[in-house]
Amino acid sequence: MSQISMRDVRKTYRMGNNIITALDGVSLQIEPGDFAVVLGPSGSGKTTLLNILGGLESADGGEILNGDESISAMSENKLTTYRRHQVGFIFQFFNLLPTLTALENVSLSAEMSNRRAYNPVDMLERVGLGDRMDHYPGQLSGGQQQRVAIARALAKNPALILADEPTGSMDVATGIDVLRVMRDLNRETQQTFVLVTHNSAIAGIADRVIRMGSGKVQNIIQNDSPFEPEEIDW
Ligand SMILES: Nc1ncnc2c1ncn2[C@@H]1O[C@H](COP(=O)(O)OP(=O)(O)O)[C@@H](O)[C@H]1O
Ligand SMILES: [Mg+2]
């Protein structure tokens, strides 16, 4: 369970002589145990926002808090520890290690954590892959690989799960299946989820929707009766 708050977060990139503003004064709050969706068109700053929340990139200005820890004030060393123990990442293209089996991919992540990690076998069973644990990523479908990545992110028991377009490379049925797994785990573990997407249909399953445009938060809507993944109209 993580409470996230950002205040006036700024990030620019320099491309030759051009300065590109990726985040232009972002402020937001995400409550512990929320399933939050960051929604916005391509280029609106979603990935930058997620990477900063996860300590993969640093902001140029503003303040980012995870609980009472200030991410924006951390040294490189502290950020490494933060990423390893406090955050689980799920990416569009899974980023599994191809030479390790599903079980080894999940176990490696669990072993690196100093938190009370979940049993990797239990986690793989939890995402419906009890009979695929000894398969290599190349022997699994896209949806199965993403479920391994979800098990990997959750096995180390981080308080915060960050997912960047996790269903972006999937057909609709597989995407629903993956969202179902994430939504169930969120309700069960009360871990805070932040999912980034450009697909407004997906935002229907969120407790909180943060709409981005041109590096700014356009609005934040709390949804007291979110849809189930099967109910959304893709
Ligand atoms: N490493 C980078 N170098 C230069 N520009 C970048 C970099 N990463 C992102 N940008 C620019 O910042 C803006 C926001 O990008 P991004 O956060 O990836 O948006 P989104 O994920 O919403 O598509 C875009 O204009 C993008 O081109
Ligand atoms: Mg992106």
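I started at the hairpin of strand 9 and strand 10: there are 2 residues between the strands, and Ser214 takes a positive phi near 50 degrees. Strands here are DSSP E runs of at least two residues and helices are H or I runs of at least four, numbered from the N terminus.

Before going on, a note to self: this is a predicted model, where local features need pLDDT of at least 70, side-chain atom pairs count only at pLDDT 80 or more, and totals for chains, interfaces and linings use all residues. Residues are numbered from 1 along each chain as its sequence is written.

Back to the hairpin. I find strand 9 (residues 208-213) and strand 10 (residues 216-222) antiparallel, with 6 bridges; pairing takes at least two DSSP bridges. Arg208 sits opposite Gln222 of strand 10.

Next I looked up the open sheet. Its 4 strands go 2-1-4-5 with antiparallel pairing. Strand 2 (18-30) and strand 5 (69-70) are the edges with a single partner strand each, so one side of each has no neighbour in the sheet. Strand 1 (residues 4-15) and strand 4 (residues 61-66) share 5 bridges, and Arg7 has Glu63 as its bridge partner in strand 4.

Last, the helices. Helix 5 (residues 142-155) packs on helix 6 (residues 172-189) at about 15 degrees, axes 9 Å apart. The axes are lines fitted to C-alpha atoms over the stretch in contact, and angles run from 0 to 180 degrees between N-to-C directions. That makes the pair roughly parallel (angles under 35 degrees). I noted Ile150 and Leu154 of helix 5 and Val181 and Leu185 of helix 6 among the contact residues (C-beta atoms, placed from the backbone, within 7 Å).

How values were computed: Chains are lettered from A and ligands numbered from 1 in the order in which they are written. Angles under 35 degrees count as roughly parallel, over 145 as roughly antiparallel, 65 to 115 as roughly perpendicular and the rest as oblique. Two residues are in contact if their C-beta atoms, placed from the backbone, lie within 7 Å.
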